[in-house]
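Grab a pencil and work through these exercises one at a time. Try each task yourself before you read the solution under it.

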Amino acid sequence: ILKIDQTFSNYEIYNFFKSNNLLLLLVVQSKILPVDEFIKVLKEDNSSNNYQHFAYFWPEINGQLTEKQKNSTEQYFKEQNYEYSNFEIFDQKRSIGENDHYICEIIRNDKIEEFVAYVNKNNINCSSEIRQSIFETNAFLMNKNVSLIEYASFFGSIRIVQYLITNGVEIKPSLWFYIIHSSNAE
């Protein structure tokens with residue numbers, strides 16, 4: 001069996017997995033990339049999504065960040081309305097690997113009554129986009145601005161898609177990619 005940690009450097013291991021936070025978390029938790037080494041390579045990485053890594057790996061790294069990094073990450077949590085002080089809930093959301101916003105849960109479960117009530121109560125435009133989440137691990141949805149109809153199509157939420165179409169949401173050719181993923185013939 002190939003021992004990845006004996007064959008590749010810590011930075012190479014990090015680079016293999018950094019595009020998928022859930023896989024990277026498993027690599028860190030299984031000690032293929034020890035936490036202290038992970039923190040070193042994470043701090044060295046100057047990519048644009050580094051703040052998202054800081055946020056996603058908060059339980060592992062919060063005590064080892066500089067004051068500036070810690071303040072920036074806490075500010076990011078506040079801006080995104082993330083509860084980050086309860087590590088148990090935070091870990092649950094990470095292991096689920098899906099956008100944790102309430103409207104996303106409603107859409108994934110195709111709960112049309114709750115969807116209509118939530119959209120009306122919060123005055124949400126049917127053509128609006130889903131807020132991104134650090135907990136999302138599907139590469140097709142990560143770091144993208146996805147519309148309500150795209151998200152509903154992706155999860156095969158037929159009743160919500162029908163509602164959105166009825167309410168004048170534009171159907172674009174790019175929607176096919178989301179529809180195909182759902183594997184829902186309807």
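**Exercise 1. Find Ser183 and describe its surroundings.**

Ser183 sits in the segment after α13. Here helices (H or I, at least four residues) and strands (E, at least two) are DSSP runs, numbered from the N terminus. Before going on, a word on the model: it is predicted, so local features need pLDDT of at least 70 and side-chain atom pairs count only at pLDDT 80 or more, while totals for chains, interfaces and linings use all residues. Residues are numbered from 1 along each chain as its sequence is written, and side-chain values use heavy atoms, with hydrogens and water left out.

Step 1: check the surface. Ser183 is exposed, with a relative accessible area of 70%. The cut-offs are: buried under 20% relative accessible area, exposed over 50%, partly exposed in between (1.4 Å probe, protein chains only).

Step 2: check the backbone. Ser183 follows α13 and has a positive phi, near 55 degrees. For background, most residues other than glycine have a negative phi.

Step 3: check a distance. Ser183 and Gln132 are 51 residues apart along the chain, and their C-alpha atoms are separated by 23 Å.

**Exercise 2. Work out which side of helix α13 faces inward.**

Step 1: list the buried residues. In α13 (residues 175–182) these are Leu175, Tyr178 and Ser182.

Step 2: look down the axis. The buried residues fall within an arc of 65 degrees, so they line one face of the helix. That arc is the one made by the directions from the helix axis to the C-beta atoms.

Step 3: turn to the other side. There you'll find Trp176, Phe177 and Ile180, which are exposed.

Step 4: find the partners. The buried residues of α13 pack against β2 and α11 (148–154). Contact, by the way, means heavy atoms within 4.5 Å.

Step 5: zoom in on one partner. Ser153 lies in helix α11 and counts as buried, at 5% relative accessibility. Skip its neighbours within four places in sequence, and Ser153 is in contact with Val161, Leu175, Tyr178, Ile179 and Ser182.

**Exercise 3. Compare the settings of Ser147 and Arg131.**

Step 1: place Ser147. This residue belongs to strand β2 (residues 146–147), and Ser147 is buried at a relative accessible area of 14%. Not counting neighbours within four places in sequence, Ser147 touches Ser128, Glu129 and Ile130.

Step 2: place Arg131. You'll find Arg131 in the loop between β1 (129–130) and β2. Arg131 is partly exposed, with a relative accessible area of 39%.

Step 3: list the contacts of Arg131. Leaving out neighbours within four places in sequence, they are Gln80, Asn81, Asn99 and His101.

**Exercise 4. Decide how many disulfides the model has.**

Step 1: apply the rule. A disulfide is a pair of cysteine sulfur atoms within 2.5 Å, and by this rule the count is zero.

Step 2: see why for Cys126. Its sulfur is 15 Å from the closest cysteine sulfur, in Cys104, which is too far for a bond.

Step 3: add the burial. Cys104 is buried, with a relative accessible area of 0%, and Cys126 counts as buried too, at 12%.

**Exercise 5. Where do Lys31 and Asp110 sit, and is each one buried or exposed?**

Step 1: take Lys31. It is in the loop between α3 (21–29) and α4 (35–44), and Lys31 is exposed, with a relative accessible area of 62%. Its phi is positive, near 65 degrees.

Step 2: take Asp110. This one is in the loop between α9 (102–108) and α10 (112–121). Asp110 is buried, with a relative accessible area of 14%, and its phi is also positive, near 50 degrees.

**Exercise 6. Sum up the whole chain.**

Step 1: count the elements. The protein chain has 13 helices and two strands.

Step 2: give the dimensions. Along its principal axes, the C-alpha trace spans about 55 × 40 × 25 Å.

Step 3: look at burial. Of the 186 residues in the protein chain, 40% are buried.

Step 4: look at long-range contacts. Among contacts in the chain with a separation of 6 or more, 59% are between residues 24 or more positions apart.
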